[in-house]
Amino acid sequence: MIETENKKKVFIETYGCQMNFSDSEIIGSILMEHNYISTDDMKSADLILMNTCSIRDNAEQRVRNRLQELHALKKRKSSLVIGLLGCMAERLKEKLLEEEKHIDLIVGPDGYRSLPALLEQVESGQKAVNTLLSAEETYADITPVRLGSNGVNAFISIMRGCENFCAYCVVPYTRGKERSRNPKTIIEEAASLFDQGYREVTLLGQNVNSYQWEDNGLPIEFPALLEDVAKVNPLLRVRFATSHPKDLSDDLLDVIATYPNICHAIHLPVQSGSNEILKKMNRSYTREWYLDRVAAIKKHLPDCAISTDIIAGFCSETEDDHKDTLSMMEIVGYDYAFMFKYSERPNTIAAKKYSDDVSEEDKSRRLDEIISMQQKLSLASNKKDIGKVFEVLVEGVSKRSDTQLYGRNSQNKVVVFPRSSHKPGDYVRVLVEDCTPATLRGVEVK
Ligand code: SAH
Ligand code: SF4
Ligand code: F3S
């Protein structure tokens with residue numbers, strides 16, 4: 001039996017990208033080793049940690065609003081410890097202690113090993129801060145605790161940081177230098193997840209295509225790593241994100257085509273369809289290069305889904321630039337997209353060099369046009385799937401109806417079908433009969 005009586009309860013709230021969710025599992029693991037247990041009930045927690053995101057201003061505002069609520073909670077329970085972790089901690093550092101007086105602890109993405117010591121410092125009545133970035137930390141030896149997991153899908157962080165310095169982006173400043181994790185520990189983690197019943201892993205990095213490790217003088221790059229993870233078990237699905245278009249190689253596409261358990265879904269953020277804007281964004285590819293990579297994907301993997309990220313209204317974007325983005329979307333025929341209004345981030349290249357000169361009105365309208373275009377493309381993509389049979393990995397009972405199960409196909413599309421005796425983690429063949437822009441509906445076939 002696990003002794004829980006003397007343990008303190010920690011509630012971890014995560015904002016932002018999958019990397020942050022993966023980090024929260026590392027944070028959880030470090031704390032579980034140091035007399036904490038995790039709780040889902042914020043009000044009963046002794047320690048509340050917010051793992052934050054700085055990617056856009058509204059991501060930070062959400063955290064600021066939440067801090068107001070926590071302030072009220074702390075007024076009623078003075079022993080409550082509040083910590084702010086992640087990218088916002090790294091961006092704002094000690095300044096946050098002045099601005100948000102009820103925060104006790106500030107820790108950046110590379111400082112989580114110091115959490116137990118910092119918490120002791122807080123207990124002795126001091127505030128504690130660690131926002132040092134590291135060139136080596138990968139938390140390779142820490143086995144993450146799977147927080148809020150469905151027992152089917154898990155994230156594996158394979159690298160940290162980013163040095164691409166896209167002009168709009170805060171990540172190189174909040175996450176520091178790019179570094180890759182020892183492949184041995186990645187494969188061990190995948191194998192252990194499979195043994196625990198997990199059936200899908202997503203390998204995470206800001207730019208997985210630049211994964212780089214040396215083993216006895218021999219370089220190991222991303223295609224080789226992906227292959228090794230795929231070999232863990234044919235029943236373990238493997239996904240990865242994110243691929244930077246500048247170095248998506250044919251070698252990688254060959255590996256994906258060779259292993260049926262590597263999913264046919266590539267997230268290839270385009271950001272803009274205009275060469276002028278791509279150059280200003282410092283993305284280091286052109287529209288033509290990007291389309292060449294898309295053609296390579298379609299040639300190697302004809303049924304591969306392609307998804308993307310798009311920013312509307314970057315500095316100096318004209319109507320013609322915006323039209324280039326819409327035409328790009330149509331030519332590629334994206335299956336899915338994350339779409340954002342440009343949000344200037346302090347101290348980035350764009351903030352220093354360019355003026356944030358597209359009006360709020362134009363940004364909103366352009367974003368609406370991009371969203372409408374994607375709705376149309378997603379529906380068209382899903383309609384093409386009607387009549388096809390997919391292997392679906394069951395994730396659970398549909399949230400909308402308990403008579404339906406849901407899961408995903410290799411292309412990462414959500415598929416809903418009538419409930420049967422199948423459990424999460426089972427593979428089921430489903431014939432698609434109907435769709436919406438967001439979901440495929442079907443029936444099980446043998
Ligand atoms: N490493 C990934 C992206 C990580 S951030 C890549 O290079 O593609 C996720 C997405 O947030 C980005 O792709 C971009 O579309 C968006 N984003 C980043 N900074 C932004 C900003 N300042 N304003 C609006 N969107 C931004
Ligand atoms: Fe940001 Fe560019 Fe790095 Fe992605 S590749 S995290 S957009 S700097
Ligand atoms: Fe992720 Fe947000 Fe940081 S997107 S890397 S948590 S700024």
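**Close-up 1. Polar contacts that ligand 1 makes in this predicted model.** Let's start at tyrosine 168, where a polar backbone atom sits 3.1 Å from a nitrogen atom of ligand 1. Side chains join in as well: an N or O atom in the side chain of arginine 56 is 3.1 Å from an oxygen atom of the ligand. At aspartate 309, an N or O atom of the side chain lies 2.6 Å from an oxygen atom of ligand 1. On its own, ligand 1 has 550 Å² of accessible area, and the protein covers 90% of that.

**Close-up 2. The shell of residues around ligand 1.** Here we look at the neighbours of the ligand. There are 15 residues around ligand 1, and those that come nearest are Gln206, Pro269, Gln271, Asp309 and Ser343. If you like to follow the secondary structure, look for strand 15 and strand 16 (336–341), the elements that each give two or more residues to this shell. By residue class, the shell holds six nonpolar, four polar and five charged residues.

**Close-up 3. Ligand 3 and the two domains that contribute to its shell.** Domain 1 (2–130) and domain 2 (153–384) each supply at least three residues to the shell around ligand 3. You will find Cys17, Asn20, Thr52, Cys53, Ser54, Ile55 and Cys87 around the ligand, along with Val171, Arg175 and Gln206. Five of the shell residues are nonpolar, four are polar and one is charged. Gln206 may look familiar from the previous view, as this residue is also among those that come nearest to ligand 1.

**Close-up 4. The second largest pocket, lying between domain 2 and domain 3.** Both domain 2 (153–384) and domain 3 (389–444) give residues to the lining, which is why this pocket is placed between them. The second largest pocket holds about 350 Å³ of space. Its lining is made up of 18 residues, and to get your bearings, look for Pro302, Cys304, Asp335, Ser381 and Lys384, which lie nearest the centre.

**Close-up 5. What lines the second largest pocket.** Two or more lining residues come from strand 15 (305–312), and likewise from helix 14 (360–383). Helix 14 makes the largest contribution, with three residues. Sorted by class, the lining of this pocket has eight nonpolar, three polar and seven charged residues. Strand 15 is worth a second glance, as this strand also gives two or more residues to the shell around ligand 1.

Terms used: Residues numbered from 1 in each chain as written. Chains lettered and ligands numbered in written order. Predicted model: local features only at pLDDT ≥ 70, side-chain atom pairs only at ≥ 80, totals over all residues. Heavy atoms only, no water. 1 Å grid on protein atoms, 1.4 Å probe; cavity = no way out; pocket = protein on both sides within 12 Å on 5 of 7 lines; lining within 4 Å. Points joined across faces, edges and corners; volume = space filled by probe spheres on them. Helix = DSSP H or I, 4+ residues; strand = E, 2+ residues; numbered from the N terminus. Nonpolar A, V, L, I, M, F, W, Y, C, P; charged D, E, K, R; others polar. Domains from an automatic or database assignment. Near = heavy atom within 4 Å. Polar contact = N/O pair within 3.5 Å; in protein donor to acceptor, adjacent residues only side chain to side chain. Areas by Shrake-Rupley, 256 points an atom, 1.4 Å probe, with all protein chains shown as cover.
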